[in-house]
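Work through the exercises below with the model open beside you. Each task is followed by a stepwise solution.

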Amino acid sequence: MAGSTRYIRYILLAFVTLVVIFFISSSSSTVDDRVKSATDLLKKQGSLFKGHSPSSDSTSPSPPKPPPRFHSDEEHDTSGQVLGNPPSLSEESPPEPMPSGHSNATSPNPSSQKLGTNKQPFTHNPVAPGERMNATFVTLARNSDVWEISRSIRQVEDRFNRNYGYDWVFLNDDEFDDTFKKVTTTLTSGRARYGKIGEDHWGFPSWIDQEKAATVREEMREKKIIYGDSISYRHMCRYESGFFFRHPLMMEYEYYWRVEPSIELFCDVSYDPFKYMAENNKKYSFVLSLYEYRETIPTLWDSVKNFTQSFPQHIAKDNALWWISEDEGKNYNNCHFWSNFEIGSLEWLRSDAYIDYFTHLDKDGGFFYERWGDAPVHSIAAALMLPKDEIHFFNDIAYYHVPFTHCPTGEQTRLDLKCHCDPSHNFDWNGYSCLARWYDMNDWEKPEGWQDEQ
């Protein structure tokens with residue numbers, strides 16, 4: 001009996017032991033699974049923040065795709081950031097398609113593409129709907145201007161072009177370096193293009209007496225005339241007067257907006273100035289006007305009068321002669337549009353009338369024997385060869401180029417345009433400005449508050 005009882009206890013003990021072992025085994029497996037799952041989750045979470053794959057491979061895999069926020073066609077750079085898409089665009093509200101005439105070839109250049117080529121995949125979705133004009137920004141710059149022009153590009157993009165994606169053409173008398181291309185391509189929302197100016201357009205023409213030109217430069221240096229002794233400044237003025245619009249890159253466009261280094265735009269430009277120019281038959285435009293230094297252009301008007309006698313067919317009816325002359329054309333009053341800002345028609349500049357005009361002035365040699373600037377050259381051409389209603393004053397494009405500011409007159413106008421310019425700096429009604437004369441010629445009523453800005 002005692003032996004039977006002992007055997008039964010052994011059997012029960014063995015059974016209990018087996019049950020305990022089973023539970024321990026099952027619990028251990030569950031814990032391991034949970035620990036493994038938590039570890040995997042932490043790895044995944046960590047990989048999303050650190051930019052690595054959950055895989056334990058030693059290779060560097062592609063970064064994970066971020067949660068859907070933008071249109072599915074967007075492209076990413078190597079850091080996973082979206083390029084060129086405004087934050088307001090979502091999957092539920094896809095961006096407007098590119099208007100007709102624009103294709104992938106006119107979009108910005110990601111860093112993986114060769115800089116300065118036309119093969120640039122689409123990465124920008126313009127916010128503003130509607131047709132785009134065949135237009136471009138154009139900048140004459142050197143490699144050393146990269147940071148100054150970067151500031152200008154940022155201003156133009158933030159205030160206008162980020163919503164429109166227009167191209168940008170950069171021209172230089174030397175090759176652009178990689179730094180200039182890399183920085184400017186990154187900043188532009190449209191296609192960035194780079195062109196070199198030929199020696200035939202940036203140098204002394206064959207008919208110029210260089211000894212005479214050197215003597216003039218020395219005399220101007222002694223008189224302390226601004227840029228009076230500069231050779232490069234004269235090449236620039238001649239190039240802007242007669243050649244930039246004939247560069248092979250520029251030949252592809254119909255309208256241009258000139259932008260120089262270190263400018264500012266103070267107000268939002270919420271419409272397309274290129275489209276305005278086209279729809280309203282405007283050929284030339286300005287924001288600032290002033291008197292030219294008489295010492296730099298002593299014989300310019302004589303050359304102009306000789307041109308008008310030789311080419312009377314190029315003089316427009318109802319032109320703006322009154323604005324540039326106070327004695328019906330006998331003398332030039334030195335008023336000119338400040339040409340560091342221009343939006344204009346390239347087809348007009350390439351017309352027979354303008355080419356005849358520039359060629360006549362160029363042969364007279366005043367770009368080198370004096371210091372003719374492109375501002376009076378352009379201004380006189382527009383005033384004489386265009387009807388005055390084809391010249392537009394962009395009052396709503398607030399602009400600064402050292403040392404002058406155009407700040408729209410009228411507090412409500414500035415508020416509506418989200419301007420940040422100081423109206424006390426507005427040059428428009430200064431005695432050295434020619435804008436009041438422009439208003440008088442057109443019989444326009446001056447804006448309310450203009451007297452306070454004199």
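## Exercise 1: A charged pair between two helices

At 6% relative accessibility, Asp-362 falls in the buried class. The model is a predicted one.

**Task.** Find which residue forms a salt bridge with Asp-362, and state whether that partner is buried or exposed.

**Solution.**
1. Look for a side-chain nitrogen of Lys or Arg within 4 Å of a carboxyl oxygen.
2. Arg-238 meets the criterion: its closest N and the closest O of Asp-362 are 2.9 Å apart.
3. Place both residues. Arg-238 sits in helix α5 and Asp-362 in helix α10 (residues 352–364), so the pair ties together parts 124 residues apart in sequence.
4. Check the cover on the partner. Arg-238 has a relative accessible area of 4%. The cut-off for buried is under 20%, and Arg-238 is therefore buried.
5. For context, the salt-bridge count comes to 16.

## Exercise 2: A salt-bridge network

**Task.** Arg-258 forms a salt bridge with Glu-260. Which residues are linked with them in a network?

**Solution.**
1. Start with the pair. The closest N and O atoms of Arg-258 and Glu-260 are 2.7 Å apart.
2. Classify both ends: Arg-258 and Glu-260 are buried.
3. Follow the links. The network of salt bridges holds Glu-240, Arg-258, Glu-260, Glu-342 and Asp-374.
4. Relate the network to empty space. Arg-258 and Glu-240 are among the residues lining the largest cavity. Arg-258 also lines the second largest cavity. Glu-260 is one of the residues nearest the centre of the largest pocket.

## Exercise 3: A pair at 3.8 Å

**Task.** Which parts of the chain are tied together by Arg-414 and Glu-453?

**Solution.**
1. Confirm the contact. The two side chains, Arg-414 and Glu-453, meet in a salt bridge at 3.8 Å, N to O.
2. Locate the ends. Arg-414 is in helix α13 (residues 411–416) and Glu-453 is in the segment after α14 (435–441), so the pair ties together parts 39 residues apart in sequence.
3. Check exposure. Arg-414 is buried, at 15% relative accessible area. Glu-453 is buried too, at 13%.

## Exercise 4: The largest pocket

**Task.** Describe the lining of the largest pocket: how many residues does it have, and which element gives the most?

**Solution.**
1. Take the volume. The largest pocket has about 1,000 Å³.
2. Count the lining: 39 residues. Nearest the centre lie Tyr-227, Tyr-233, Met-236, Glu-260 and His-401.
3. Assign elements. At least two lining residues come from each of β2 (167–172), α5 (231–242), β7 (289–291) and α12 (374–385). Helix α5 gives the most, with 5 residues.
4. Split by class. The lining has 20 nonpolar, 9 polar and 10 charged residues.
5. Look again at Tyr-227. This residue is found in the loop between α4 (210–223) and α5. Its relative accessible area is 43%, so Tyr-227 is partly exposed.
6. Turn to the surface. Tyr-227 joins Ile-226, Tyr-293 and Tyr-432 in a nonpolar patch, with about 400 Å² of accessible area together.

## Exercise 5: Two cavities

**Task.** How do the linings of the largest and second largest cavities divide by class?

**Solution.**
1. Search the whole structure. There are 2 cavities of 30 Å³ or more.
2. Take the largest cavity, at about 40 Å³. Its lining comprises Val-138, Thr-139, Leu-140, Leu-171, Glu-240, Phe-244 and Arg-258. By class that gives 4 nonpolar, 1 polar and 2 charged.
3. Find the main contributor. Strand β1 (residues 135–140) gives the most to this lining, with 3 residues.
4. Take the second largest cavity, at about 30 Å³. Val-156, Trp-257, Arg-258, Val-259, Ile-263, Leu-265, Phe-341 and Tyr-399 line it. The split is 7 nonpolar, no polar and 1 charged.

## Exercise 6: Backbone checks

**Task.** Where does the cis peptide bond at Pro-403 lie, and which residues other than glycine have a phi near 60° or near 55°?

**Solution.**
1. Inspect omega. The bond joining Val-402 and Pro-403 is cis, with omega about 5°. Pro-403 lies in the loop between β11 (399–401) and β12 (404–406).
2. Inspect phi. Glu-328 has a positive phi near 60°, and Asp-443 has one near 55°.
3. Place them. Glu-328 is in the loop between α8 (321–324) and β8 (335–337). Asp-443 is in the segment after α14.
4. Check exposure. Glu-328 is exposed at 77% relative accessibility, and Asp-443 is exposed at 71%.

Key. Residues numbered from 1 in each chain as written. Predicted model: local features only at pLDDT ≥ 70, side-chain atom pairs only at ≥ 80, totals over all residues. Heavy atoms only, no water. 1 Å grid on protein atoms, 1.4 Å probe; cavity = no way out; pocket = protein on both sides within 12 Å on 5 of 7 lines; lining within 4 Å. Points joined across faces, edges and corners; volume = space filled by probe spheres on them. Helix = DSSP H or I, 4+ residues; strand = E, 2+ residues; numbered from the N terminus. Nonpolar A, V, L, I, M, F, W, Y, C, P; charged D, E, K, R; others polar. Patch = residues over 30% accessible without salt bridge, like charges linked within 9 Å, V, L, I, M, F, W, Y side chains within 5 Å. Areas by Shrake-Rupley, 256 points an atom, 1.4 Å probe, with all protein chains shown as cover. Buried < 20%, exposed > 50% of the residue type's maximum accessible area, 1.4 Å probe, protein only.
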